[in-house]
Amino acid sequence: MATRPNLVTQWVELWGAIARAGGIDAYITAQLTERGYLAKRRSTDGMSAAELKRYKAELKREAAERRKLKADAWQAYRASHIVHLGEGVFFNDDLDFDAFDLAEPEARAAENELPKLDKPQQVADALGMTLAELRWLSFHREAATGVHYRRFEIRKRSGGMRAIWAPLPRLKAAQRWILREIVEHLPVHGAAHGFLAGRSILTNAQAHTGSKLILNVDLKDFFPSVTWRRVKGLFRKAGYRDQVATLLALLCTEAPREIVEHEGEKLFIALGPRCLPQGAPTSPAITNALCMRLDRRLAGLARSLGWRYTRYADDLTFSLPADHKGAPGLSKLLGALHAVVAAEGFAVNPAKTRVSRPGARQKVTGLVVNGDAAPRVPRALRRKLRAAAHNLAQGKPLPAGESVAQLAGYAAFVHMTDPVLGAALLGKFGEHR
């Protein structure tokens, strides 16, 4: 990984001495002079063979010491600078201002109440690591022998498996700091209900009770659509300059990868650009901030046609109130919706677009919202949980593929909308865990 901390300190101190000397060349010249290695240049004309031999030996001795000093200076430079962050990543340690930086980024960062981070070293200090560790966690490779994530799969509700890339402890701690100190301070539209304090699938569903029509739309490949360059743009807009925004974006993203074996070695091969991993603590909150303009445009579109709009992660919900007068304008809404979503860098999943009318069951983020009653868990799930609790009490085994932990999770879901029933089910399942 990185150089040992005590050596890093030595290299950083050395770079301080180099900077005070006026740069690498000035430092090396001063050191050669101080140590008596700097050979005085003179004409070789008229030198005897013995004098020429001694002069060449002086030059050779100086050259050897110069190479050593240059090598040390390079190590000191690497300990005090990022230098390089991998294939396809532009980084310049000497860049003070970039054309795409905000005119006064510090003012914007202060407005968002963000920590002052002007240089890579300040990012490393804030995260409690050395600059070498920061580079190690941020570095991008198209083919890597190891990554900072653990991969596992979970089953999708719609069938198939979903790959989850969970960050390893060191990176996860850095991501949690970025989430807490930066991302959670960024503005989010009022239509967003996912992964926000005081909001939930329940508050999302409550906005759509008593509806003539409900339109559910799913965004395709939501997290993979948010590439590291889009995340970098978010951090720049928040008030950080190019260097810092690049590092923050790389820490929060990873390329989708395929794990292959090559000549007995495991390789993680990038299948596309770095994007938000499903499993990183920063990913949901970053999408909320990034979707600010999408939410604003869709909320305005819905309002202009008499509809209501909310978003929970990649689930968009539009509803037409029961007291709405006039034509629904559904086709106009769908057409404009596709255009706005595409313009904002996303795509609608046509297989998960559905319209629900009052005569059919209307669901929003898994909760039934028909009529004016409060959102509730589908009756079939409540019955299933009651039956499972009864069977467990009778000592009967659970069906294949079902566990008490899963049932307790469903009971917690019920508890959100029906605390009495949910508490009773949680108590019963808790007896068997």
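# Briefing: helix packing, nonpolar cores and a small sheet

Helices H6 and H11 lie oblique to each other, because their axes cross at roughly 55°, an angle outside the ranges that count as roughly parallel, roughly perpendicular or roughly antiparallel. The model described here is predicted. The points below treat this helix pair, the nonpolar cores and an open sheet of 3 strands.

**Packing of H6 against H11**

- Helix H6 spans residues 131-138, and its axis comes within 8 Å of the axis of H11.
- On the H6 side, the contact is made by Leu 134, Leu 137 and Ser 138.
- On the H11 side, Leu 247, Leu 250 and Leu 251 take part.
- By class, the residues of this contact comprise 5 nonpolar and 1 polar, with no charged residue.
- Two packed helices are described by both the angle and the distance between their axes.

**Nonpolar cores**

- The largest nonpolar core contains 73 residues.
- Leu 134, Phe 235, Trp 307 and Phe 318 have the most contacts inside this core.
- Helix H11, covering residues 242-251, supplies the largest share of the core, namely 7 residues.
- Leu 134 also belongs to the H6 side of the contact with H11.
- Apart from neighbours within four places in sequence, Leu 134 is in contact with Ile 82, Pro 120, Val 123, Ala 124, Leu 127 and Met 129, as well as with Leu 247 and Leu 251.
- A second core, separate from the largest one, has 20 residues, among them Leu 392, Val 404, Leu 407 and Phe 429.
- In soluble globular proteins, nonpolar side chains tend to be buried together.

**The open sheet**

- The 3 strands are arranged in the order E1-E6-E5, and their pairing is antiparallel.
- Strands E1 (143-144) and E5 (257-262) occupy the edges; each has a single partner strand, so one side of each is left without a neighbour in the sheet.
- Strand E6 (residues 265-270) is joined to E5 by 6 bridges.
- Within E6, Glu 265 is the residue opposite His 262.
- E5 and E6 together form a hairpin, with 2 residues between the strands.
- Glu 263, in the turn of the hairpin, has a positive phi of about 50°.
- The pairing of E1 with E6 is likewise antiparallel and extends over 2 bridges.
- Ala 144 has Phe 268 as its bridge partner in E6.

Definitions and conventions:
Residues are numbered from 1 along each chain as its sequence is written. This is a predicted model: local features need pLDDT of at least 70, side-chain atom pairs count only at pLDDT 80 or more; totals for chains, interfaces and linings use all residues. Side-chain values use heavy atoms; hydrogens and water are left out. A nonpolar core is a set of buried Ala, Val, Leu, Ile, Met, Phe, Trp, Tyr and Cys residues joined through side-chain atoms within 4.5 Å. Buried means under 20% relative accessible area, exposed over 50%, partly exposed in between (1.4 Å probe, protein chains only). Helices (H or I, at least four residues) and strands (E, at least two) are DSSP runs, numbered from the N terminus. Contact means heavy atoms within 4.5 Å. Axes are lines fitted to C-alpha atoms, for helices over the stretch in contact, and angles run from 0 to 180 degrees between N-to-C directions. Angles under 35 degrees count as roughly parallel, over 145 as roughly antiparallel, 65 to 115 as roughly perpendicular and the rest as oblique. Ala, Val, Leu, Ile, Met, Phe, Trp, Tyr, Cys and Pro count as nonpolar, Asp, Glu, Lys and Arg as charged, and the others, Gly among them, as polar. Two strands pair if DSSP finds at least two bridges between them.
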